[in-house]
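User: Could you take a close look at one part of this model for me? I'd like to follow the charged pairs and then the helix that holds some of them.

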Amino acid sequence: VIVTRDGWLEMAFQGMDASGLDLQPQQNKNGWSAIYFLLFMITLSFVWLAMIVAIVCEHYRKASELSTANMALTDEQKEWSEVLRMKRHSAKLAHLDDNEGGAPRFFVRKSAYSFVTDPRFESFIIGCIVANTVTMASFHHGQPSAYGDIQRAGNAMFSWIFLFELGLKLLALFPARYFAEPWNVFDFVVVMSSIPDLVGVDFVGTAILRVMRLGRVLRLFRQAKGLRAVFNTCVKSIESVFHVTFLIFMLMFVYAVLGMSLFEDYETKTLTGRQENFRDFGASLAVLLRVITRDNWKRTMFDTMECDYDIDGVAANCNRIIIPALFFMSFILMGSYVLVSLIIAAILDKFTEAAVEEGLLSTANIFT
């Protein structure tokens, strides 16, 4: 129970107040026992959890290697293959001539291209995005009307700046090349959503378009490689996380059916009067959802043990211990630790790929 950090501080205080067997507790009578609980938390709750994550990541790496096509290659051949892959990616990012994605040749477009790709202009746009975000976040209930006018004027100014940026980029790159980049498509949608508000047009979808202005915050991901790598990781990890989530659901399905057989007589009431039991499949899933999130799960386990509680709510005189303990501890171990660690491993793997694409890492395997 302490390893899962469910009410461990209360248990630590009880240990610090313990005076002896069959003796009344006294405040801080055994204060040095706090060191025991702290060391237990550090060595088991944190270090042990980190070891589980490391083990799962290592096995995930091995499984990924076995599922790839180069499993028969030697280490040197794998390294050479990785170098070639990174070289191809670097070639994609290189600025070539106008026909292959470099600076335009026509002097008007070339001037616009030099302007929008200038680091000082990019820094200015980032500053505008941050300032616009602060402006939108400063709206509050009961604000003075003059303050609201200033905010609206600021939003309009930033909208014109972003429209100016959009126009320059379309002139420099032309639509075919501009819309070839997914981030440019996102920028275009966000910027164009502010036009109805600028011209004073009001229709049914205007409120939705105003909400889309919040997407300007996400434009920071495009400007910063680190943020862009994290965002791309989130997008690429959706499929892997979905697969692991399905495994978690299957685990909950098995334990829900098993719980209906083992604890069909279990029933308890929470402080809000809501009943929890294993009498049907839906109720069983609700109980297991609380357990897998470690929300006061020890109380559920003690209730299935048919324990008595003293005036302080401490469980004692349990009628059955082994079966509920094995049921809940195995479920916590598999669901809250192993499978959740598998999600971390999948995200780390996708983060490595995204970081290599952004040039933040020199290897595509973060586990080696």
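Analyst:
**Salt bridges and helix α6**

Happy to. In this predicted model, Arg-120 pairs with Asp-118 in a salt bridge whose closest N and O atoms are 3.2 Å apart. Arg-120 itself is exposed, with a relative accessible area of 66%. The count of salt bridges comes to four, and two of them take us into helix α6.

Let's start with Asp-149 and Arg-152. Their side chains meet in a salt bridge at 2.6 Å, N to O. Both residues lie in helix α6, three residues apart, which is about one turn of the helix. Why does that spacing suit a pair? An α-helix has 3.6 residues a turn, so residues three or four places apart point the same way. Side chains of opposite charge can then pair when their charged atoms come close. As for their surroundings, Asp-149 is partly exposed, with a relative accessible area of 44%, and Arg-152 is partly exposed too, at 48%.

Further along the helix come Glu-165 and Lys-169. Their side chains form a salt bridge at 3.0 Å, N to O, and both lie in helix α6, four residues apart, again about one turn. Here the setting is buried: Glu-165 is buried, and so is Lys-169. For both, that puts the relative accessible area under 20%.

This buried pair also leads to a cavity. A search of the whole structure finds one cavity of 30 Å³ or more, with a volume of about 30 Å³. Glu-165 and Lys-169 are part of its lining, together with Phe-162, Leu-166, Tyr-178, Asp-187, Val-191 and Arg-219. The elements giving two or more residues to that lining are α6 (145-178) and α7 (182-192). Helix α6 gives the most, with five residues. By class, the lining has four nonpolar, no polar and four charged residues.

For a contrast in surroundings, look at helix α14 (residues 297-304). Seven of its eight residues are buried, so helix α14 is largely enclosed by the rest of the structure. The buried residues include Trp-297, Lys-298 and Phe-302. Just after α14, Glu-306 takes a positive phi of about 60°.

One last stop is the surface. Phe-246, Phe-249, Met-250, Phe-253, Val-254 and Val-257 form a nonpolar patch there, with about 530 Å² of accessible area together. Met-250 lies in helix α12 (residues 238-262) and is partly exposed, with a relative accessible area of 35%.

Technical notes. Residues are numbered from 1 along each chain as its sequence is written. This is a predicted model: local features need pLDDT of at least 70, side-chain atom pairs count only at pLDDT 80 or more; totals for chains, interfaces and linings use all residues. Side-chain values use heavy atoms; hydrogens and water are left out. Patches are made of residues with over 30% relative accessible area and no salt bridge: like charges are joined within 9 Å, nonpolar side chains (Val, Leu, Ile, Met, Phe, Trp, Tyr) within 5 Å. Accessible areas come from the Shrake-Rupley method with a 1.4 Å probe; for residues, only the protein chains shown count as cover. Buried means under 20% relative accessible area, exposed over 50%, partly exposed in between (1.4 Å probe, protein chains only). On a 1 Å grid over the protein atoms alone, a cavity is a set of points where a 1.4 Å probe fits but cannot get out, and a pocket is an open set with protein on both sides within 12 Å along at least five of seven lines; lining residues have an atom within 4 Å of a point. Grid points are joined across faces, edges and corners, and a volume is the space filled by probe spheres set on the points. Ala, Val, Leu, Ile, Met, Phe, Trp, Tyr, Cys and Pro count as nonpolar, Asp, Glu, Lys and Arg as charged, and the others, Gly among them, as polar.
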